[in-house]
Structure formats: structure tokens, C-alpha cells
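Visitor: Please take me through one part in detail: the aromatic ring pairs and the space beside them. I'd like to see how each label follows from the numbers.

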Amino acid sequence: GPFTNGTLRFYLDGSPEPAIEGPAADILSGGRLIGPPLSSSVSPLTAYAHRGHNLYLPIPYAGHCKITYETAAEIDRGAKKGEALYYQINYRTYPKGTPARSFAMGQLEELKGLLAETGQRLMASGAAGRARAPRRRGPEASLEGTIAPGASRTVDVAGPAAIRELTVNIRAADREGALRSTVLEIAFDGERCVWVPLGDFFGAGYRPKPFLTWYTRATLDGSLTAFWTMPFERDCRLTLHNLGAGPVDVVLGRVRLGGWEWDERSLHFHSTWRQYTKIDTGPGKDMTGNGAFDVNYVEVRGKGRYVGDTLVLFNGADAWWGEGDEKIFVDGEKFPSHIGTGSEDYYGYAWCRPEPFCMPFQAQPDGSGNLTAGFSANSRLRSLDSIPFVGSIRFDMELWHWAKTRMNYAPTTYWY
């Protein structure tokens, strides 16, 4: 539907005057508050009217926040008559009495240098973005070598320490198959915390294309890198399992380590993967939601923090697969504290668009299977919008396809 770029206003702490006011797209992605990467529209290859607009600038408030949108157009479901508006607002509430300095426009000038440095570091990503100054490189371990079918390759590392970078590049007669059948296992302090196929763990899937986020990277030469901080107290065991039918040559398998002081606040990094193979998208498909159903990404019990996910899929029809909404239940909620407006909105873009993009916290390195049968990979990675939980978290994604078909649907999750 037509987007009129109506007026967005932020009212803080009960003030009758908005602390932020202006055309919605100007504020979210047009640089009214800040430029890329904390403000962006994606994909740059997509017509502007069909892009998703994302603002990652923190807007603190001490007591209350109200956000309004004003437009002269009629807002209706599906934009059949006027304007359709799809939005997500993530916020975090702190315990009463927590000191907070509410946002004011003057702070943007006051903190101009820090904001510019932050943007530069986020765009540099990974190890380069994390380093304020050159540091002596930490110790390394290697996973390199040939792994026969049914065999594994393991390296053990003593703690306390933290994995700061993990880079792997493999060669195989069937590399696509090997990126799925070669599984990364990581055990921290005697507990298995990661069990994910290589391509999925790095956010690329089994058909990787070059991209760069704050936490992940794929390069033209086939190297895949993760920059997640993975701390451990006593020991860490990394293993590559070859579950395929042919040998896999690990031509690059680098584990870079850094120091870590383990204490009562430290958490182990986890990553889980699920493959729903030839999943039936359901009978009686139509745009009223008939045939839609929820697919579970992960369910965790305990205390932790949810930091992101990757969805790798193969679409079986020339139609959009992702009309469904995410539903994230925290600490046993009956109604999810995080519920969305469509899978493409959750992953930061809009209107089912297939064009690739990558930003520090969101990426679609390949969207060729969005509107036609084929492969797609989407990632949403979290920093300030990570989701803390005390007792449990459950992430379900509604699978709502425009067509009755079959597809392969494989989510990978990241959490501490």
C-alpha cells in the first residue's frame, strides 16, 4: 500500500511536547537522528517504497514513553483503501529506581563523536570493530585437516578464556551437502552447548554468499567466521563431525582466544538447530490465515539471554513463504511479550523482497527463494535488544505461506 511518510512523535516522561518529531522514514532511516548503521533502510537494491526501515539508536526515558503516528491517509488492513502500517517497537523496562537520563535532541550533538565512533566500529564488525586500539593477538587453536566420512576432528582448550573468533573453510566434492552434513559441536566446561551444521551456525546456510554483520561473516573465498564471545571457566572442546558420505577437507579452522575472568555473572554461549524437512504448509491456504501454524525455534529453561537467530529455508513454490509472525514467550507468559507483523518485518526488511542486504544486526545474504521456489537465508542478531529471561524462553514462528506446498525450514538460535 502507499506509504505517506506521516509524522512520528516520541513523548517522554509525560511532557506535552514531543522529544522527537518528524516524518517517519526520516527518523527511522533518513538520518534525522543519526545515520547508518544505527539508522538504515534495506535492501539498498530495493525500491525505496518497498524497503524496511530500522532504527537502533537507544532512546532512554526515566518514567514514561508514548509514540504516535499521524497521517492524512486512512489506515486499514492490507491497504485496500488507504495506508498499511506495520511496525515493531522493542523496549526494556528496568527496576524502579534505576537512574536514567531521558533522551533530548541536544544529546546528539553532545555525543556526536562517540556516536560516530560507534557507527564506524559496527560497520567494521567482528574483531576489527571490537578493538579500540591494536592489541597483541591472543592464543589460537586449529581444527585444520581432512575428516573422513563418519569421523571427527577435535581440539581442546584450557580455561578460563573466551573464544573471540571462529573461522572455518571447507572443501568437499559436494560442498553444499558438506556445509549441512559437517556439524560443529562445542562443549564448555563439560556441557555440550552447540550442535549446528557449519553453514547454519555462521548464518550463511548451505549456499553461502558474501555478507558481514557484527557477529558473522562470509567471504568470497568460502571462509565463514563467527565473532560471538564464548566464555568458559575450565575447558572447551570444539569438534567437527563429518556425517556425510565423502571426505571433508578443513582448509581453514582457526579458533582465536582471549582472556576472561569467570564470575557469577558469566554465561555459556549456546546455539541450537532444528530442521523441518518437507514440511507441509497446510491445506486451504488463503490470506485470512487458514492453514497457518506455529513452528518452534527453541525452548530454554533456566536463566539467560536470547541474542539472535538465523532461518535457512528452501521454498517449494513461486509464492511468499513468510507471512507468519514471531511469538516469543518469556518466563512462562501466556501471551508473548514479543509478537510481530510478519517474518520479513522480524528480519528487518519488508514486502517479501528478495534483494540481499547486510547490516550489523540483520542480514539476508540470499533471498532468491522469497517469491520463487528456491533458497533463502535470514538473520536477526541482537545487542541492546537482546531478551533476558529468568526462568524460561520459548520462540515460535508462525509458518504462513501464500501457497499450499512443501518446504525445508531450518532455524538456528543463539543464546546465553
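## Aromatic rings and a cavity

Guide: Happy to! Phe269 has a relative accessible area of 0%, so this residue is buried. Keep in mind that this is a predicted model. Trp228 also counts as buried, because its relative accessibility is 1% and the cut-off for buried is under 20%. We'll come back to these two residues shortly.

First, the overall count: the structure holds 18 aromatic pairs. Take Tyr206 and Phe375: their ring centres are 4.9 Å apart and their planes meet at 70°, so the pair is edge-to-face, given that the label applies to angles over 60 degrees. This pair links distant parts of the chain, with the two positions 169 residues apart. Tyr206 sits in the loop between helix H6 (198-201) and strand E12 (211-212), while Phe375 belongs to strand E26 (residues 374-381). Both Tyr206 and Phe375 are buried.

Now back to Trp228 and Phe269, which form an aromatic pair with 5.5 Å from centre to centre and 35° between the planes, a tilted arrangement. Here too, distant parts of the chain are linked, 41 residues apart. Trp228 lies in the loop between strand E14 (224-226) and strand E15 (230-232), and Phe269 in the loop between strand E17 (248-258) and strand E18 (270-273). Trp228 and Phe269 also belong to a cluster linked by ring pairs, together with Phe201, Phe202, Tyr215, Tyr414 and Tyr416.

Next, the space beside Tyr206. A search of the whole structure finds two cavities of 30 Å³ or more, and Tyr206 is one of the residues lining the second largest. That cavity holds about 30 Å³ of space. Its other lining residues are Arg180, Gln275, Val312, Leu313, Phe314, Asn408 and Ala410. Strand E21 (304-315) and strand E29 (406-415) each supply at least two lining residues, and E21 gives the most, with three. By residue class, the lining divides into five nonpolar, two polar and one charged.

For contrast, the largest cavity has about 40 Å³ of space. Its lining includes Tyr56, Phe361 and Met359, and divides into seven nonpolar, two polar and no charged residues.

To tie this together, Tyr206 is the residue to keep in view: it is buried, its ring pairs edge-to-face with that of Phe375, and it lines the second largest cavity.

Notes: Residues numbered from 1 in each chain as written. Predicted model: local features only at pLDDT ≥ 70, side-chain atom pairs only at ≥ 80, totals over all residues. Heavy atoms only, no water. 1 Å grid on protein atoms, 1.4 Å probe; cavity = no way out; pocket = protein on both sides within 12 Å on 5 of 7 lines; lining within 4 Å. Points joined across faces, edges and corners; volume = space filled by probe spheres on them. Nonpolar A, V, L, I, M, F, W, Y, C, P; charged D, E, K, R; others polar. Helix = DSSP H or I, 4+ residues; strand = E, 2+ residues; numbered from the N terminus. Phe/Tyr/Trp six-rings, centres within 6.5 Å; stacked < 30°, edge-to-face > 60°. Buried < 20%, exposed > 50% of the residue type's maximum accessible area, 1.4 Å probe, protein only.
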